[in-house]
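This report concerns a predicted model. Its topics are one sheet and the backbone at two loop residues.

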Amino acid sequence: MKNITILALALLLSSCSYWKRDISIKSGEISMSYDQYFNLKVHWLPAGQNSIVEFDSTIQPCIVVNGKKCQNFKIDRGSFTEKRIEDEEFGPAYEALVTGIFEEGDIKIERQTRLLLPDKFKDAVIFNTQYRNLGSARVHIDKVYTQSMLLKSTLVKTESDSADFASFQGGINEWGRDYELIWLKPGFHQENFQGIHNTKGNELIGGGMPFIDIWNKTMGVAIMQIETKPQWLSLPVSVRQDGSTEIGIVEKPEEKLGMQEWIDPSESFRTAENAVIFHHLDYFDALNTYGELLRCRGINIPKTSPDKAYEPYWKSWGFGMNFTLEKIYNLLPELKKIGINIANPDDGWFQYYGDWN
């Protein structure tokens, strides 16, 4: 009887250990693991001990519904799968599928994340996540933290150092604002919203590149959405007082824009497909990989500029918002005389702000 009790206890402890053990994922130069609550740890192997990626269980992808932040999804280890595949866009790759459940009160949501690590991109991982409503009532999507990471420098800072990180931030915020080299200092915050918005001067502006990159002398981390069409989302960058930096992708669906703002029972919400790229050097390295990822998805990005890209051109900006076609047509002979063969209709060449089609 005593031996049976000891055996039963051993099996129980073994079972508990099994369910608490992290799910490990490794391919190329990237090693990752999910704990029992779907919290992700990432390590870029070439960085060694100098990785700037800091684990924080509170800075994780999640969804906010009905005013409730649903974050601790209990991993379903039984549904975890990993395999080698031939992806139709990215070619040979390692694929992992992780599933977890959040349940509190009348809210029950399943999160399923597909991770793809293509052989062609050993320093990149592609994320595709969907949330399914397992409850009995529809829920409102307040906000989705599609991607969320904390970065912390391991460098010893001297008095002459003004910042730990440099950054590229692709959001268009207002005329004259830099985006390709922003030094990050405590208290800095920028949303990098990709839709149309008002500037401080009450001017409508927006769009840009859904890409941000943070780097220092040891390594860099870039995140981006890689959908084939523009998405209504932000890529916020926030610097804490200790210099550690939060980056992410945030979606806030709006029904009036034709977006899915509610999840009915048994229905799902899919986040924007996104990628994380690790690299050395500055943002040119990650931008090159970003371009290749989009080419794999069928976006025809030319690798060289045509000769006409270097020619002078004229823009209709000087006519203001209320120009007419007649004004432009009448100007074309004069432009041709002075060797300008390209006319570019500018601001006002649309029916509505943001409707660039």
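The sheet is described below, followed by the two loop residues.

**The sheet**

Three strands form an open sheet in the order S1-S2-S3, and their pairing is antiparallel. Strand S1 (23–27) and strand S3 (40–44) are the edge strands; each has a single partner strand, so one side of each lacks a neighbour in the sheet. On average, and with direction ignored, neighbouring strands of this sheet are turned by 15° against each other. Between S1 and strand S2 (residues 30–34), which run antiparallel, there are 5 bridges. Ser27 has Ile30 in S2 standing opposite.

**Positive phi in two loops**

Most residues other than glycine have a negative phi. Asn192, which is not a glycine, nevertheless has a positive phi, near 55°. Leu281 is likewise not a glycine, and its phi is positive at about 65°.

As for location, Asn192 lies in the loop between strand S15 (189–190) and strand S16 (196–198). Leu281 is placed in the loop that runs between strand S25 (274–279) and helix H2 (283–296).

Are these residues buried or exposed? Asn192 counts as buried because its relative accessibility is 0%, and the cut-off for buried is under 20%. Leu281 is exposed because its relative accessible area is 69%, where exposed means over 50%.

The values for both residues are set out in the table.

| Residue | Phi | Relative accessible area |
|---|---|---|
| Asn192 | near 55° | 0%, buried |
| Leu281 | about 65° | 69%, exposed |

Key
Residues are numbered from 1 along each chain as its sequence is written. This is a predicted model: local features need pLDDT of at least 70, side-chain atom pairs count only at pLDDT 80 or more; totals for chains, interfaces and linings use all residues. Side-chain values use heavy atoms; hydrogens and water are left out. Two strands pair if DSSP finds at least two bridges between them. Helices (H or I, at least four residues) and strands (E, at least two) are DSSP runs, numbered from the N terminus. Axes are lines fitted to C-alpha atoms, for helices over the stretch in contact, and angles run from 0 to 180 degrees between N-to-C directions. Buried means under 20% relative accessible area, exposed over 50%, partly exposed in between (1.4 Å probe, protein chains only).
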